[in-house]
Amino acid sequence: MNATERRIIGYTAGAHYLSHAMELTFAAVLVLVGMEYGVGPAVLGGMANAFALAFGATALPAGLLADRIGSRRLFVVCLLSSAVAAALVAFSPSLPLLTGALVLLGLTAGLYHPAGLSLIARATRARGIALGYHGVAGNLGVALTPFIAGGIGALLGWRAAYLFAGGLSLALAFVVHFSGISEGEAPAAEKPAAPANAGSNGRSLVTPLIVIFGANFLTGFIYRGSVTFLPKHILENGHLGLFNMDPVAAAGSFTTIALLFGVVGQYLGGHLAHRFRLERIAVIMAFAIVPPLLLMGVASGGLLVAAAAAFAFFNFMGQPTFNSLVAEFTPRRLQGRSYGIYF
């Protein structure tokens with residue numbers, strides 16, 4: 001990779017980290033929010049789902065915008081608007097306003113993925129490896145947020161955790177804005193070999209794309225439910241202490257330990273996607289997450305954390321493969337909107 005490619009991966013990786021930090025902060029402080037407003041898992045789960053639906057709602061518009069106005073501009077808009085929305089969450093005085101602010105945060109943070117992934121797909125030669133590094137940054141956001149946001153929430157209150165995430169988003173927005181980088185500077189990606197089942201026109205690509213989108217729908221359902229309630233699940237069933245730490249912070253720490261295995265999975269998955277047939281890896285990874293997921297439902301103590309770690313490892317190992325498959329089966333000029341549908 002040359003310097004331009006490395007800079008693009010660096011900026012997209014930072015934005016990817018923050019996108020998932022915004023996404024997972026509510027899960028990290030979910031118990032504290034419930035205690036403040038006196039609500040249980042059903043209400044909190046509904047709030048998390050409202051955020052998730054909003055997070056997905058802007059994906060397709062973001063993909064269209066990435067194709068039309070460019071990813072760098074969309075980055076700045078995403079980061080600035082997410083910072084504002086995070087501040088609104090932090091200063092929400094009531095549960096209905098908090099829910100509305102979470103929906104707004106979902107809409108703004110949801111702009112990121114189609115823009116970032118389409119940029120990497122178009123601008124890097126070793127696409128699988130680039131997506132693996134990009135995924136590592138996102139996984140760090142997923143893994144570290146329960147520890148960081150949970151710790152900040154335990155010490156300073158859950159609102160401070162959102163102010164912290166919003167401040168980072170604002171800082172990165174200024175860095176990207178003044179970086180001078182443009183996707184037009186990046187070298188054209190090497191044209192990949194045509195998939196074995198690709199015909200002379202785009203119609204033969206529709207069926208595999210539908211399969212890929214459907215797989216992402218199902219794994220997204222699993223991912224969202226798992227990471228939203230994992231800190232609470234470990235708090236209630238882990239029965240694990242850590243250095244006399246506050247129980248909420250300790251649960252967040254064990255969640256982080258488990259999710260850090262996803263970082264390793266992303267890295268290995270990126271190299272596998274670069275070296276082997278994507279379709280074969282995708283099937284293997286889809287089946288590999290089943291045993292640890294089932295074990296998470298019945299285990300307790302250290303075995304629960306180990307099962308969560310195995311689930312994170314295999315779940316995130318498959319992401320570079322599926323992200324590469326979207327690019328593989330989509331014409332270059334339509335990759336932004338294709339990632340929009342995917343997310």
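## Exercises on a predicted model

At 3% relative accessibility, Ser82 counts as buried, a statement about a model that is predicted.

**Exercise 1.** Work out where Ser82 is found and which residues it touches, not counting residues up to four places away in sequence.

*Solution.* Begin with the element: Ser82 is found in helix α4, which covers residues 71-90. Next, recall that buried means under 20% relative accessible area, so the 3% of Ser82 places this residue in the buried class. Finally, look for its contacts, leaving out residues up to four places away in sequence, and you find that Ser82 touches Met22, Leu105, Thr108, Ala109 and Ser169.

**Exercise 2.** Decide how helix α2 and helix α3 are arranged relative to each other, and list the residues that make their contact.

*Solution.* Take the geometry to start with: helix α2 (residues 41-57) and helix α3 (residues 59-68) pack at an angle of about 25 degrees, and their axes are 5 Å apart. Because angles under 35 degrees count as roughly parallel, α2 is roughly parallel to α3. Then turn to the residues, where α2 contributes Phe55, Gly56 and Ala57 to the contact, while α3 contributes Ala59, Leu60 and Pro61. Sorted by class, this contact of α2 with α3 has 5 nonpolar residues, 1 polar residue and no charged residues.

**Exercise 3.** Describe the largest pocket by its volume, its lining and the helix that gives the most to that lining.

*Solution.* The volume of the largest pocket is about 1100 Å³. Of the 44 residues in its lining, Asn216, Thr219, Gly220, Phe221 and Tyr223 are the closest to the centre. Helix α9 (residues 206-237) gives the most to the lining of this pocket, with 14 residues. By class, the lining of the largest pocket has 23 nonpolar, 19 polar and 2 charged residues.

**Exercise 4.** State how many cavities of 30 Å³ or more a search of the whole structure finds, and describe the linings of the largest and the second largest.

*Solution.* The search finds 6 such cavities. The largest cavity has a volume of about 100 Å³, and α8 provides the largest share of its lining, 4 residues. The lining of the largest cavity includes Tyr17, Thr145 and Phe164, and by class it has 8 nonpolar, 2 polar and no charged residues. The second largest cavity has a volume of about 80 Å³, and the largest share of its lining, 5 residues, comes from α1. Among the residues lining the second largest cavity are Met22, Glu23 and Arg224, and by class this lining has 9 nonpolar, 1 polar and 2 charged residues.

Conventions. Residues numbered from 1 in each chain as written. Predicted model: local features only at pLDDT ≥ 70, side-chain atom pairs only at ≥ 80, totals over all residues. Heavy atoms only, no water. Axes fitted to C-alpha atoms, helices over the stretch in contact; angles between N-to-C directions. Helix = DSSP H or I, 4+ residues; strand = E, 2+ residues; numbered from the N terminus. Parallel < 35°, antiparallel > 145°, perpendicular 65-115°, else oblique. Contact = heavy atoms within 4.5 Å. Nonpolar A, V, L, I, M, F, W, Y, C, P; charged D, E, K, R; others polar. Buried < 20%, exposed > 50% of the residue type's maximum accessible area, 1.4 Å probe, protein only. 1 Å grid on protein atoms, 1.4 Å probe; cavity = no way out; pocket = protein on both sides within 12 Å on 5 of 7 lines; lining within 4 Å. Points joined across faces, edges and corners; volume = space filled by probe spheres on them.
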